[in-house]
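Reader: Please give me a close description of one part of this model, the largest pocket, and of what lines it.

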Amino acid sequence: FAEGEIGGGYPSIFKGDFSVFRLSGLSPFQISFSYDAAGGFGNHSMNDCFSDRTTNLIVNKKFQKNQFKWGFDASYQALSNGLQNQVKGITNLNQDDYDAKGNFTWEIGNGFSTGLDAGLNFYHRYADVSEGKFPIAAVWIINPAAFVKWEGYGFDISLNGDYTFEDDMENVASDSVTHRGTFGFDAQWANDYVKIFGNVHGLVGNQLNKNQILAPFTVGIDAFFPVYFANRRFSISSKGGLESNMNRIADLERKYKFTNLVEMPQESSDWFANLEMAVPLKESFTGNLGLEYRHTAFENGYWQPDYESQTGLNAGIFTYSQKNLQQFNSKLSLTYHYKIFSITGGWNAMWMDAPVMSNPYEIFADINFQSEESKWGIDVNGKVSLDSKDKDPVINAEAFVRLTSAVRAVASVNDGIKLFKAEPRTYAGNYITRGGTATFLLKF
């Protein structure tokens with residue numbers, strides 16, 4: 001099979017996305033390529049470095065022979081963000097991420113299986129420099145893992161372990177190397193209505209702040225069952241425990257633009273508990289509720305850029321700090337669906353601490369029309385951040401028409417109010433983002 005899309009729009013947008021794949025059979029594979037670029041946004045000249053560009057290439061292949069399965073995944077992502085004349089002598093900040101993974105599984109029989117995984121990653125951050133210098137990152141990660149699993153009678157039980165080595169070759173400091181190992185036990189039992197699950201792991205490493213060992217764990221339950229007042233199932237999910245995650249330089253710098261992590265980030269750990277419910281009401285309504293509590297554990301705080309303070313700027317680029325957070329978040333929404341029409345409205349709230357780049361209080365809505373034969377469709381959605389400095393809501397709209405059985409024409413407007421007012425939308429500090437855009441695509 002093959003699918004893709006190609007098109008462009010304002011301001012100087014070009015977008016292409018192509019995939020060739022086979023999902024079934026004994027030898028499935030996928031090859032995907034995508035490119036998305038924009039320049040000159042905010043009514044600036046194309047030469048003023050108000051631009052961004054993303055390129056992705058993904059290849060994966062799976063094999064199977066008798067009781068053996070193996071495969072590999074490889075990916076490449078290149079990001080480039082224009083520095084908008086904020087950094088003297090530097091036009092663009094570039095980030096290349098190369099990733100390769102291999103896996104092997106032996107299905108022994110009677111529900112038993114065992115396997116090995118291995119991962120290799122390289123992240124390269126550099127800048128287009130006309131004068132001066134900019135710090136380079138060249139980070140290698142090696143991640144081997146192994147598991148033994150048994151499945152049967154609704155149970156899924158496994159023992160697993162992994163080791164991670166990370167090294168920033170451009171930083172000779174002793175703390176520029178990460179050693180991290182885990183060994184744990186995962187188990188779950190499920191039937192048609194209930195899934196009960198839990199896990200516990202031993203974690204050792206040199207990036208745990210004041211700790212040398214932690215024991216992350218999770219316990220939870222998912223339940224789905226019919227109710228007399230609707231033709232759909234009521235669902236409820238709840239879990240809690242201690243969560244601990246390794247912070248990769250690549251993940252942080254790709255998530256947060258215009259930043260530079262000059263040290264190897266420590267682990268982030270949280271005590272957490274959450275609850276999610278989906279409640280069907282009659283034939284057309286569905287209510288959704290989500291609650292989550294998080295509290296930093298063992299001083300292993302949340303890594304985030306200092307966007308909100310000019311003291312966080314280093315020659316025009318934002319630096320990072322680790323902060324302890326206590327969060328209580330809620331999500332509430334209601335959806336109505338009737339034939340070709342649906343409408344959703346909701347409210348997200350962060351009642352305690354809010355991570356950077358998040359909106360503590362946000363109202364959102366979505367209206368959708370789609371013909372029963374999917375020959376045409378219209379979607380309009382928007383959100384309003386109640387405590388944002390920018391009071392303009394984000395309004396997006398998209399419409400499609402099926403030209404043939406295999407081709408659709410799609411027109412879209414993103415951040416329509418900013419597009420109409422010809423104003424930029426602030427990203428952080430003096431940096432802006434694309435703001436209002438209009439595109440036309442052909443999807444096949």
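Author: The account below treats the pocket and then turns to two individual residues.

The model is predicted, so local features need pLDDT of at least 70 and side-chain atom pairs count only at pLDDT 80 or more, while totals for chains, interfaces and linings use all residues. Residues are numbered from 1 along each chain as its sequence is written, and side-chain values use heavy atoms, with hydrogens and water left out.

A pocket is an open set of points, on a 1 Å grid over the protein atoms alone, where a 1.4 Å probe fits, with protein on both sides within 12 Å along at least five of seven lines; lining residues have an atom within 4 Å of a point. The largest pocket has a volume of about 1,200 Å³, a volume being the space filled by probe spheres set on points joined across faces, edges and corners. Its lining comprises 36 residues, and M357, N359, S388, T426 and Y427 lie nearest the centre. Strands (DSSP runs of E, at least two residues, numbered from the N terminus) contribute to this lining: β17 (302–305), β24 (376–385), β25 (394–402) and β27 (425–428) each supply at least two residues. The largest share comes from β27, with four residues. By class, the lining holds twelve nonpolar residues (Ala, Val, Leu, Ile, Met, Phe, Trp, Tyr, Cys and Pro), twelve charged (Asp, Glu, Lys and Arg) and twelve polar (the others, Gly among them).

Of the two individual residues, S284 sits in the loop between β15 (268–281) and β16 (285–296). S284 is buried (under 20% relative accessible area, 1.4 Å probe, protein chains only) because its value is 19%. G202 belongs to strand β11 (residues 194–205).

Terms used
Buried < 20%, exposed > 50% of the residue type's maximum accessible area, 1.4 Å probe, protein only.
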